[in-house]
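Colleague: Got a minute? I'd like to go through this one with you, helix by helix.
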Amino acid sequence: MSNFDVIIAGGGPVGMGLAVELGQRGIRVAVIERHHQPQPIPKGQNLTQRTAEHFAAWGCEAELRTAFPLPPGSGIGGLTTYGTLLSEHSYDWLNRAHVRDFYRCANARLPQYATESVLRARAAQIAEITVFYGWSGVGFTQDTNGVRVEVEHATDGTRQVLSAAYAVGCDGSRSFLRAAAGIEETLSDHNRVMALLVFRSPELHELLKRHPGKAFYNVLHPDFEGYWQFFGRVDHGVSWFFHAPVPVGTTRDNHDFEAMLTRAVGQPFALELDYVGLWDLRVAIANDYRKGRAFVAGDAAHSHPPYGGYGINTGFEDARNLGWKLAAVIQGWGDEALLDSYDAERRPVFASTARDFIERFITEDRAFLETYNPDRDRAAFEAAWHSRNLDADEVMAFAPHYEGSPLVGGAGAPGAKGNHSHKARPGHHLSPRDLPGGANSYDHLGAGFTLFVEDAALGAAFAACADQMALPLAVVTVAKGGLTEAYDSPAILVRPDHFVAWVEDGSAPQTVLHRVIGQGA
């Protein structure tokens, strides 16, 4: 029986990201992953600026940038069209450049298998991480002392038992560990079968040169009742993926997928179909993200259609949130209640993401398509088409936060909908700002808590309290007025995941530090 601190079921991008997060903190991690190589299905391609910050914290942002280079001028923007891909009616959509100033890193675009390869390589550099490639979980038990996961080798059927203090299921929407731990999920079934096609077509690249700088395309058609036909680039200029609804009962053999692509594009074009997959369109969320010593993250905790690139990015945020909390408890400076805050913070964020963004897209697009049609009233359609996206800046509005969480306190509730601001707000992501002397605030952030403060005496009081609690805290003293000018507060406490834990409100350091690690929350 092998002993670890944490066992992670599933070595996809979220599982490997969590392993790196923990391993860098000195936590002994076992990762169970049945595939020796990343699976070559192009999904999870749109990585946000926030996700790039995670890779910077994990020591592999540079590798991310070089893992799947795009040709100069290729762009990573989005476009929405009406009727067909080559329609005269189009507008820009999901322009993440609008929020660039609020994050330290630029966003990126690469297929999930390339992202996963970067994380596998980083994990291989960390001695605390052991990856069991070619193994799958087949049994799970837990008690007050720890967890045990029985694993089986795919080739010879050999079995062994791994033990640890905690286990995390990062093993997808059909998670073995979630089911074994007894964590139920709530489904919002849209009763739609979707096709995923991967194909090659240099001709389609030529046809779309009329829309430079775009990498993904949504086609709205009345026949699909608000559900998208969605194209995305893989290898720029050559290969593509495509999602769209298909009739119930569709199989790989009874449907003309090439004709489907032709209709969606709007004219015949040369293509070579490489892959056909089918999946059920649904939104699912685990009723609990924790049960005893078992946790779920990524698709094991929440799954949804690939609308807006929220899935993989949300999973990475799960890893950053849970990782430092597990480390804190294992290392003895965090309270057990800190682990409960993972569910309290992350589950409402996904519920909001599904409700306020993904499912709202479907509802609003359906209503538009039912109301406006250029064949019935072209003038009314064009006026509505032009205006419908003017005030719908989804990128600015998607601002996951933990307002009102047990670690933050105050009013409000965690969610995904908000706004971006440089003002430091408890429960919100810290934006990067230049401070007096020329350094950026992110240059000072490390693995533990960071206190930015203008009053040196207050900083010393926090440091003394942190020492008594064995809490990792770096104190950065900023010239008088510099912090207030940058963040509208003379004192800001930042969590290990770079969310603001507290801003100056007159509270005693002891009160603040005990709350942010789950003591007395």
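Modeller: Sure, we'll talk about helix packing, then the cores, then a couple of single residues.

Colleague: What kind of model is this, and how are residues numbered?
Modeller: It's a predicted model, where local features need pLDDT of at least 70 and side-chain atom pairs count only at pLDDT 80 or more, while totals for chains, interfaces and linings use all residues. Residues are numbered from 1 along each chain as its sequence is written, and side-chain values use heavy atoms, with hydrogens and water left out.

Colleague: And how do people describe two packed helices?
Modeller: By the angle between their axes and the distance between the axes. Axes here are lines fitted to C-alpha atoms, for helices over the stretch in contact, and angles run from 0 to 180 degrees between N-to-C directions. Helices (H or I, at least four residues) and strands (E, at least two) are DSSP runs, numbered from the N terminus.

Colleague: OK, at what angle do α1 and α4 pack?
Modeller: Helix α1 (residues 13–23) and helix α4 (residues 112–124) pack at about 25°, and their axes are 9 Å apart. That makes α1 roughly parallel to α4; angles under 35 degrees count as roughly parallel, over 145 as roughly antiparallel, 65 to 115 as roughly perpendicular and the rest as oblique. The crossing of α1 and α4 is left-handed, meaning the near helix is turned anticlockwise from the far one by less than a right angle, while clockwise would be right-handed.

Colleague: Which residues make the contact of α1 and α4?
Modeller: From α1 there are Pro13, Met16, Gly17 and Val20, and from α4 there are Gln112, Glu116, Leu119, Arg120, Arg122 and Ala123. Contact means heavy atoms within 4.5 Å. By class, this contact of α1 with α4 has five nonpolar, two polar and three charged residues. Ala, Val, Leu, Ile, Met, Phe, Trp, Tyr, Cys and Pro count as nonpolar, Asp, Glu, Lys and Arg as charged, and the others, Gly among them, as polar.

Colleague: How do α1 and α8 pack?
Modeller: α1 and α8 pack at about 30°, with their axes 9 Å apart. That makes α1 roughly parallel to α8. The crossing of α1 past α8 is right-handed. On the α1 side, the residues that meet α8 include Val14, Leu18 and Leu22, and on the α8 side they include Phe316 and Trp324. That contact of α1 with α8 divides into 11 nonpolar, three polar and two charged residues.

Colleague: How many residues of α1 are buried?
Modeller: 11 of the 11, so α1 is largely enclosed by the rest of the structure. Buried means under 20% relative accessible area, exposed over 50%, partly exposed in between (1.4 Å probe, protein chains only). The cover over α1 includes β2 (6–9), β3 (29–33), α4, β8 (129–133), β12 (166–169) and α8 (310–331).

Colleague: Pick one residue from α1. What does Gly15 touch?
Modeller: Gly15 is in helix α1 and is buried, at 0% relative accessibility. Leaving aside neighbours within four places in sequence, Gly15 contacts Ile8, Gly10 and Cys170. The C-alpha atoms of Gly15 and Leu119 are separated by 9.4 Å, though the two residues are 104 apart along the chain.

Colleague: What about α2, how many of its residues are buried?
Modeller: Seven of the nine residues of α2 (residues 49–57) are buried, so α2 is largely enclosed too. Those buried residues pack against β4 (46–47), α3 (61–67), α4 and α8. After α2 comes Gly59, with a positive phi near 75°.

Colleague: Changing topic: which residues touch the most other members in the largest nonpolar core?
Modeller: Ile8, Val168, Tyr307, Leu326 and Leu493, out of 125 residues in that core. A nonpolar core is a set of buried Ala, Val, Leu, Ile, Met, Phe, Trp, Tyr and Cys residues joined through side-chain atoms within 4.5 Å. Helix α9 (residues 337–371) gives the largest share of this core, 12 residues. Another core, of 25 residues, lies apart from it, with Ala195 and Phe257 among them.

Colleague: Last one, is Phe230 buried or exposed?
Modeller: Phe230 is buried, with a relative accessible area of 6%. Phe230 sits in strand β15 (residues 229–233). Not counting residues up to four places away in sequence, Phe230 touches Phe216, Tyr217, Asn218, Phe241, Phe242 and His243.
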